[in-house]
Amino acid sequence: MNQKLKTAFAFAKNIFETGAITETSREVEIDICKHLSNAKGKVFVEFGIGHGNITQEILNSISHTSKLYAFEVNKEFCEHVRETITDERLIVINDGAEQVKKYVKGPVSGVVSSIPFSFFSNEKAKIILENAYELLENESYFSQVLYTKFNFKKFQMVFDECKLTSNKKLLTEYIYHCKKITV
Ligand SMILES: C[S@@+](CC[C@H](N)C(=O)[O-])C[C@H]1O[C@@H](n2cnc3c(N)ncnc32)[C@H](O)[C@@H]1O
């Protein structure tokens, strides 16, 4: 069985955790990382690594002296990524995005997320977004991919500037690019 098919089976098996049956597309991997800085010594955060497709793209985008804290609730996915991506900059954390402040003290230069907000309570979504906002540096982004536009308002309530882009090929993937601006 090829890797893409194995990932699809693993996602489908854990549908209530993953909220998806396939990995996000290549177009999304590129678009969601477009605001990441490649300046030296920065800290980045990823929420929901799955089998690590976006994780790899983040590592390709940031500098060699930066770090990536990657959160994932599924233990098997964490083990898979630890085995397949050997990169000293990557710290895989088997815990939920809502616990970010336990592990990361900030300042964070960018958050990239593919966790299924549509499955979360309003309270849980609010905690995740507010914690991330608090940790982020001024002028940096929280970028999120989702299969719907319906969560956009939750992001607008926390972030200072939010833009929505959609994957033109697969019309079902929306990327929210949300910026923190403290004047
Ligand atoms: C839609 S999949 C995306 C996986 C991969 N990044 C991609 O783009 O294909 C969402 C991932 O988020 C994980 N997840 C769900 N809730 C989470 C949470 N609260 N914190 C961290 N990861 C979570 C799931 O286990 C799953 O691996």
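This short talk walks through the sheet, the helices packed on it and the ligand shell.

Two points before we start. Residues are numbered from 1 along each chain as its sequence is written. The model is predicted: local features need pLDDT of at least 70, side-chain atom pairs count only at pLDDT 80 or more, and totals for chains, interfaces and linings use all residues.

Let's begin with the sheet. It is open and has 7 strands, in the order S3-S2-S1-S4-S5-S7-S6. The pairing is mixed. The edges are S3 (90-93) and S6 (161-166), and each of them pairs on one side only. From one strand to the next, the twist averages 15°.

A word on terms. Helices (H or I, at least four residues) and strands (E, at least two) are DSSP runs, numbered from the N terminus. Two strands pair if DSSP finds at least two bridges between them. As general background, strands of a sheet pair through backbone hydrogen bonds, either parallel or antiparallel.

Now, S1. S1 pairs with S2 in the parallel sense, over 5 bridges. S1 also pairs with S4, again parallel, over 4 bridges. Take Glu46. Glu46 stands opposite Ala70 in S2, and its bridge partner in S4 is Val112. Phe44 stands opposite Gly110 in S4.

Follow Gly110 one strand further. Which residue is its bridge partner in S5? The partner there is Tyr141. S4 (residues 108-113) and S5 (residues 136-146) pair in the parallel sense over 5 bridges.

How covered are these strands? I call a residue buried if 20 or more other C-beta atoms lie within 10 Å of its own, exposed if 12 or fewer, and partly exposed in between, with C-beta atoms placed from the backbone. In S4, 6 of its 6 residues are buried. In S1, 4 of the 5 residues are buried, so S1 is largely enclosed by the rest of the structure.

One residue in S5 stands out for its backbone. Glu139 lies in that strand. Its phi is positive, about 70°, although Glu139 is not a glycine. In general, most residues other than glycine have a negative phi. Glu139 counts as partly exposed because it has 14 C-beta neighbours inside 10 Å.

Next, the helices. H4 (residues 53-61) packs on the sheet and touches S1 (43-47), S2 (67-71), S3 and S4. Contact here needs C-beta atoms, placed from the backbone, within 7 Å. The direction of H4 makes about 165° with that of S1. For such angles, axes are lines fitted to C-alpha atoms, for helices over the stretch in contact, and values run from 0 to 180 degrees between N-to-C directions.

S1, H4 and S2 make a right-handed β-α-β unit. S4, H7 (residues 122-135) and S5 make another right-handed β-α-β unit. Right-handed means this: with the strands pointing away from the viewer, the path from the first strand over the helix to the second runs clockwise.

What is buried in H4? Ile54, Thr55, Glu57, Ile58, Leu59 and Ser61 are. Their cover includes H3 (26-32), S1, S2, H5 (75-84), S3 and S4.

Zoom in on Ile58, in H4. Why does Ile58 count as buried? Because 24 other C-beta atoms lie within 10 Å. Leaving out residues up to four places away in sequence, Ile58 touches Cys33, Leu36, Phe44, Glu46, Leu68 and Val112. Phe44 and Glu46 came up earlier, with their partners Gly110 and Val112. Ile58 and Asp160 are 102 residues apart in sequence, and their C-alpha atoms are 23 Å apart.

Over to H7, where Ala125 lies. Ala125 counts as buried because it has 21 C-beta neighbours inside 10 Å. Its contacts are Phe117, Phe120 and Lys154, not counting residues up to four places away in sequence. Ser113 is 12 residues from Ala125 along the chain, and their C-alpha atoms are separated by 12 Å.

Last, the ligand. How many residues surround the ligand? There are 23, and Ala20, Glu23, Thr24, Gly48 and Gly50 come nearest. Near means a C-beta atom, placed from the backbone, within 6 Å. H2 (15-18) and H4 are the elements that give two or more residues to this shell.

The shell divides into 10 nonpolar, 9 polar and 4 charged residues. Here Ala, Val, Leu, Ile, Met, Phe, Trp, Tyr, Cys and Pro count as nonpolar, Asp, Glu, Lys and Arg as charged, and the others, Gly among them, as polar.

Definitions and conventions
Contact = placed C-beta atoms within 7 Å.
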